[in-house]
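Work through the exercises below with the sequence and the coordinates open. Each task is followed by a solution in steps.

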Amino acid sequence: MIVMLYSDKSYEHQAVSCIKSLIHKITKDVKILYYTVGFKSDFEFKNLCKVEIPIKPEYPKFNYYKAELSLLTMHMFPEERYVFTDTDVLFSNRFEFDK
């Protein structure tokens, strides 16, 4: 299972909170893929893979990255299941990946 999200530097605080809310759900088969757009993150977390993505001036809005990064994730992990989350989501203890 891959949980993927992305942010720029100004929203990293939200991404960190989102990732931390998954602490009780991260098992050895759950990876978090965090795309950092235009910056390098120093944040470390269990099963976290950070991928730096350059800023694309041709994208008029930040949400244009979502489709490209989803395809990149499927290319990088072709045999996995995926969950995309926005950075402003906090997962409760009742959240279950299987559902």
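**Exercise 1.** Leaving aside its neighbours within four places in sequence, which residues is Glu12 in contact with? Then classify Glu12 by accessibility and identify its salt-bridge partner.

Solution.
- Step 1. The structure is a predicted model. In this model, Glu12 is part of helix α1.
- Step 2. With neighbours within four places in sequence left aside, the contacts of Glu12 are Ser7, Tyr34, Phe39, Ser41 and Phe43.
- Step 3. The relative accessible area of Glu12 is 9%. Buried means under 20%, so Glu12 is buried.
- Step 4. A salt bridge joins Glu12 to Lys9, with 3.1 Å between the closest N and O atoms.
- Step 5. Lys9 has 51% relative accessibility. Exposed means over 50%, so Lys9 counts as exposed.
- Step 6. For a pair that is separated along the chain, take Glu12 and Thr87: they are 75 residues apart in sequence, and their C-alpha atoms are separated by 8.1 Å.

**Exercise 2.** Describe the salt bridge between Glu68 and Lys56, and state which parts of the chain the pair ties together.

Solution.
- Step 1. The N to O distance between the side chains of Glu68 and Lys56 is 3.1 Å.
- Step 2. Glu68 belongs to helix α2 (residues 65–76), while Lys56 sits in the loop between β3 (48–53) and α2, so the salt bridge ties together parts that are twelve residues apart in sequence.
- Step 3. Glu68 has a relative accessible area of 25% and is therefore partly exposed. Lys56, at 24%, is partly exposed.
- Step 4. Leaving aside neighbours within four places in sequence, Glu68 is in contact with Lys56 and Tyr59.
- Step 5. As a check on distance across the model, the C-alpha atoms of Glu68 and His24 are separated by 29 Å, with their positions 44 residues apart along the chain.

**Exercise 3.** How many salt bridges does the count come to? Describe the one formed by Lys66 and Asp86.

Solution.
- Step 1. The count comes to five salt bridges.
- Step 2. One of them joins the side chains of Lys66 and Asp86, at 3.8 Å from N to O.
- Step 3. This pair links distant parts of the chain: Lys66 is in helix α2 and Asp86 is in the segment after β4 (82–84), 20 residues apart.
- Step 4. Lys66 has a relative accessible area of 30% and is partly exposed. Asp86 is partly exposed at 38%.
- Step 5. A general point applies to such pairs: side chains of opposite charge can pair when their charged atoms come close.

**Exercise 4.** Which residues line the largest pocket, and how does the lining divide by residue type?

Solution.
- Step 1. The volume of the largest pocket is about 190 Å³.
- Step 2. Its lining is made up of Tyr6, Ser7, Tyr11, Gln14, Phe62, Asn63, Lys66, Phe84, Thr85, Asp86, Thr87 and Asp88.
- Step 3. By type, the lining has four nonpolar, five polar and three charged residues.
- Step 4. Compare this list with the preceding exercise: Lys66 and Asp86, both in the lining, are the partners of the 3.8 Å salt bridge.

**Exercise 5.** Which residues have the most contacts inside the largest nonpolar core, and which element gives the most to this core?

Solution.
- Step 1. The largest nonpolar core has 19 residues, and Ile19 and Ile32 have the most contacts inside it.
- Step 2. At least two residues of this core come from each of β1 (2–7), α1 (12–20) and β2 (31–37).
- Step 3. The element that gives the most is α1, with four residues.
- Step 4. Beyond its neighbours within four places in sequence, Ile32 is in contact with Val3, Leu5, Ile19, Leu22, Ile26, Phe45, Lys46, Asn47, Leu48 and Cys49.
- Step 5. A second, separate core has eleven residues, among them Leu33, Val51, Tyr65 and Phe77.

**Exercise 6.** What is the sign of phi at Asn47, and where does this residue lie?

Solution.
- Step 1. Most residues other than glycine have a negative phi.
- Step 2. Asn47 is not a glycine, yet its phi is positive, at about 60°.
- Step 3. Asn47 is located in the loop between β2 and β3.
- Step 4. With a relative accessible area of 29%, Asn47 is partly exposed.
- Step 5. Asn47 is also one of the residues in contact with Ile32.

Key: Residues are numbered from 1 along each chain as its sequence is written. This is a predicted model: local features need pLDDT of at least 70, side-chain atom pairs count only at pLDDT 80 or more; totals for chains, interfaces and linings use all residues. Side-chain values use heavy atoms; hydrogens and water are left out. On a 1 Å grid over the protein atoms alone, a cavity is a set of points where a 1.4 Å probe fits but cannot get out, and a pocket is an open set with protein on both sides within 12 Å along at least five of seven lines; lining residues have an atom within 4 Å of a point. Grid points are joined across faces, edges and corners, and a volume is the space filled by probe spheres set on the points. Ala, Val, Leu, Ile, Met, Phe, Trp, Tyr, Cys and Pro count as nonpolar, Asp, Glu, Lys and Arg as charged, and the others, Gly among them, as polar. A nonpolar core is a set of buried Ala, Val, Leu, Ile, Met, Phe, Trp, Tyr and Cys residues joined through side-chain atoms within 4.5 Å. Buried means under 20% relative accessible area, exposed over 50%, partly exposed in between (1.4 Å probe, protein chains only). Contact means heavy atoms within 4.5 Å. A salt bridge is a side-chain nitrogen of Lys or Arg within 4 Å of a carboxyl oxygen of Asp or Glu.
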